[in-house]
Amino acid sequence: MEWLGFVLFLGSSFLLFKVASEVRGQRLRFLTQAGGFGLFLLAMEEMSWGQMIFNWTSPEVMDQHNMQQETNFHNLSFLHYHTWTIAACVFTLLTFTAVIGFLLRRNGTLRLGSIADLLLPIGCTASYFAIAALMYWGVVLEKQGIDLVYFHTREQEIAEFLFAVGVFIHVVYLFLDLPMSSLKTQQSRLEQSL
């Protein structure tokens with residue numbers, strides 16, 4: 001599952017950088033580039049910055065402070081026990097933003113190619129984020145000592161994969177939508193000036 005998540009995050013990062021090179025507007029370009037950079041960071045964290053690919057040993061400082069003796073930041077001792085709650089909150093927030101994005105697109109108030117179009121995931125991603133959130137809240141409860149008989153904490157890998165799929169779906173939408181809407185806006189301005 002981690003490998004698939006890595007590929008999806010890395011592919012999403014590449015697509016967002018491609019979109020950023022084609023969109024018009026500084027803010028939209030900056031946010032798209034920032035998203036591409038953020039997804040690249042997620043991909044690299046997922047593979048412990050190449051450690052899982054190249055099998056190197058962690059630097060001594062990482063061995064001392066990383067709970068899994070890996071070369072990544074999300075398992076550092078001061079952050080490790082909070083990552084489940086942080087991820088559950090992020091997945092929950094993404095679920096709500098996807099529902100909001102769906103409703104705004106459905107009633108026509110969300111303009112294609114806008115910053116809101118970039119930041120609010122498309123509606124079909126809500127199910128991926130919601131299942132990921134539900135699974136991660138289960139992890140949070142398990143880590144707090146509440147035994148959920150039907151649940152195993154390793155299912156968090158499935159939740160992370162669903163999160164990666166949801167992100168990838170939205171990024172593909174952006175890849176197909178943003179450059180075209182930017183081009184249409186430019187054509188519209190050109191037609192108005194003639």
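Is W3 buried, partly exposed or exposed? W3 is partly exposed, since its relative accessible area is 47% and the label "exposed" is kept for values over 50%. Keep in mind as we go that this is a predicted model.

Let's step back and take in the whole chain before returning to W3. You'll find nine helices here and zero strands. If you walk from the N terminus onward, the elements read α-α-α-α-α-α-α-α-α. The chain has 194 residues, and 42% of them count as buried. As for the outside, the chain exposes about 11,300 Å², with carbon and sulfur atoms supplying 67% of that area. Contacts tell you something about how the chain folds back on itself: taking those with a separation of 6 or more, 62% are accounted for by residues 24 or more positions apart.

Now for the start of the chain. Helix α1 covers residues 2-20, and S12 has its place there. S12 is buried, because its relative accessible area is 0% and anything under 20% gets that label. So who sits around S12? Leaving out residues up to four places away in sequence, S12 touches L39, V167, F168 and V171.

Back to the aromatic rings. The count comes to five aromatic pairs. One of them is W3 with F6: the ring centres are 6.4 Å apart and the planes stand at 85°, so this pair is edge-to-face. Both residues belong to helix α1, and because they are three residues apart there, about one helical turn separates them. The two partners don't share a label, though. W3 is partly exposed at 47%, whereas F6 counts as buried at 11% relative accessibility. There is also an aromatic cluster to look for, and it is formed by F9, F91, F129, Y136 and F163.

Next come the charged side chains. How many salt bridges does the count come to? The answer is two. In one, E22 pairs with K18, and their closest N and O atoms are 2.8 Å apart. Both partners have some access to the outside: E22 is partly exposed, with a relative accessible area of 32%, and K18 is partly exposed too, with 37%.

The other salt bridge joins R105 and D117, whose closest N and O atoms are 2.9 Å apart. This pair links distant parts of the chain, with R105 in helix α6 (residues 83-106) and D117 in helix α7 (residues 115-119), 12 residues apart. Are R105 and D117 buried or partly exposed? R105 counts as partly exposed, because its relative accessibility is 21% and the buried label needs a value under 20%. D117, on the other hand, counts as buried, at 0% relative accessibility.

For a last stop, leave the helices and look at a loop. T57 is found between α3 (51-54) and α4 (60-65). With a relative accessible area of 69%, T57 is exposed, because that value is over 50%. Follow the chain from T57 to E70 and you'll have moved 13 residues along, yet the C-alpha atoms of T57 and E70 are separated by 7.9 Å.

Terms used: Residues are numbered from 1 along each chain as its sequence is written. This is a predicted model: local features need pLDDT of at least 70, side-chain atom pairs count only at pLDDT 80 or more; totals for chains, interfaces and linings use all residues. Side-chain values use heavy atoms; hydrogens and water are left out. Helices (H or I, at least four residues) and strands (E, at least two) are DSSP runs, numbered from the N terminus. Buried means under 20% relative accessible area, exposed over 50%, partly exposed in between (1.4 Å probe, protein chains only). Contact means heavy atoms within 4.5 Å. Accessible areas come from the Shrake-Rupley method with a 1.4 Å probe; for residues, only the protein chains shown count as cover. A salt bridge is a side-chain nitrogen of Lys or Arg within 4 Å of a carboxyl oxygen of Asp or Glu. Rings of Phe, Tyr and Trp (its six-membered ring) pair if their centres lie within 6.5 Å; planes under 30 degrees apart count as stacked, over 60 as edge-to-face and the rest as tilted.
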